[in-house]
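Biologist: I have a new model open and would enjoy talking it through with you. Could we go over it together, one question at a time?

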Amino acid sequence: MYLVLYCHNIGMTDFSFFETEDFDKDDGYTVRGKWPNESAFRDYLTKEFGDMSEFHVVDLISRGEQAEHYSVLELTQLSQHIEP
């Protein structure tokens with residue numbers, strides 16, 4: 001199971017996570033919300049998912065809004081630590 005993390009805005013307050021088995025947006029589960037900062041978002045994730053050891057975390061926060069448009073192939077490559 002993958003947990004994809006990303007941020008939508010320059011002010012770093014609009015975050016999302018996408019829980020998926022195959023990076024299919026129709027089959028996955030996405031939560032989008034406002035947090036005061038990245039640290040608060042990551043604290044929320046820890047409360048929601050614990051140590052997240054059951055997930056392979058794909059952290060796209062530094063990639064900003066462009067991450068919303070990554071293809072399944074690009075996300076798969078990133079999950080395997082291969083630059084798309």
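Modeller: Gladly; what follows is a short round of questions and answers on this predicted model.

Biologist: Let's start with the sheet. In what order do the four strands of the open sheet lie?

Modeller: β1 pairs with β2 in the antiparallel sense, over six bridges. β1 is also joined to β4, by four bridges, and there the strands run parallel. The pairing in the sheet is therefore mixed, and the edge strands, each pairing on one side only, are β3 and β4. Read across, the order is β3-β2-β1-β4.

Biologist: Nice. And what does the twist average from one strand to the next?

Modeller: The sheet in question is the open one of four strands. From one strand to the next, its twist averages 15 degrees.

Biologist: Let me pick out L3. Which residues are the bridge partners of L3 in β2 and in β4?

Modeller: β1 has bridges to β2 and also to β4. On the β2 side, L3 is partnered by E19. On the β4 side, the bridge partner of L3 is V57.

Biologist: Is β1 largely enclosed or largely open to the outside?

Modeller: A residue is called buried when its relative accessible area is under 20%. Five of the six residues of β1 meet that description, so the rest of the structure leaves β1 largely enclosed.

Biologist: Now the hairpin. Which residue in the turn between β1 and β2 has a positive phi?

Modeller: The hairpin made by β1 and β2 has six residues between the strands. One residue in that turn has a positive phi, of about 55 degrees, and its name is M12.

Biologist: Positive phi turns up elsewhere too, I think. Are F23 and M52, with their positive phi values, buried or exposed?

Modeller: F23 is in the loop between β2 and β3, with phi near 65 degrees. M52 is in the loop between α1 and β4, with phi near 60 degrees. The relative accessibility of F23 is 5%, and that of M52 is 18%. With the cut-off at 20%, F23 counts as buried, and M52 is likewise buried.

Biologist: On to the packing. Which elements each supply at least two residues of the largest nonpolar core?

Modeller: That core has 13 residues, and those touching the most other members are L3, L5, F17, F41, L45 and F49. The elements that each supply at least two of its residues are β1, β2 and α1.

Biologist: And where does α1 sit on the sheet: which strands does it touch?

Modeller: α1 packs on the sheet, and its direction makes about 30 degrees with that of β2. L45 gives a local view, touching L5, F17, G50 and M52 once residues up to four places away in sequence are set aside. The strands that α1 touches are β1, β2 and β4.

Biologist: I'm curious about H8. Which side chain does H8 meet in a polar contact of 3.4 Å?

Modeller: H8 is in the loop between β1 and β2, and it is buried, at 4% relative accessible area. Beyond its neighbours within four places in sequence, its contacts include D14, E65 and E68. The polar contact joins the side chain of H8 to that of R32.

Biologist: R32 looks busy, then. With which residue does R32 form a salt bridge?

Modeller: The closest N and O atoms of this salt bridge are 2.6 Å apart. It links distant parts of the chain, as R32 is in strand β3 and its partner, 18 residues apart from it, is in strand β2. That partner is buried, with a relative accessible area of 10%. The residue is D14.

Biologist: Last one. Which residues do salt bridges with shared partners join into one network?

Modeller: The whole structure has three salt bridges. In one of them E38 meets R42 at 2.8 Å between the closest N and O atoms; being four residues apart in helix α1, the two are separated by about one helical turn. R42 also bridges to D59 at 2.6 Å, and since R42 lies in α1 and D59 in β4, that pair ties together parts 17 residues apart in sequence. The network therefore consists of E38, R42 and D59.

Key: Residues numbered from 1 in each chain as written. Predicted model: local features only at pLDDT ≥ 70, side-chain atom pairs only at ≥ 80, totals over all residues. Heavy atoms only, no water. Buried < 20%, exposed > 50% of the residue type's maximum accessible area, 1.4 Å probe, protein only. Polar contact = N/O pair within 3.5 Å; in protein donor to acceptor, adjacent residues only side chain to side chain. Contact = heavy atoms within 4.5 Å. Pairing = 2+ DSSP bridges. Core = buried A, V, L, I, M, F, W, Y, C linked by side-chain atoms within 4.5 Å. Axes fitted to C-alpha atoms, helices over the stretch in contact; angles between N-to-C directions. Salt bridge = Lys/Arg side-chain N within 4 Å of Asp/Glu carboxyl O.
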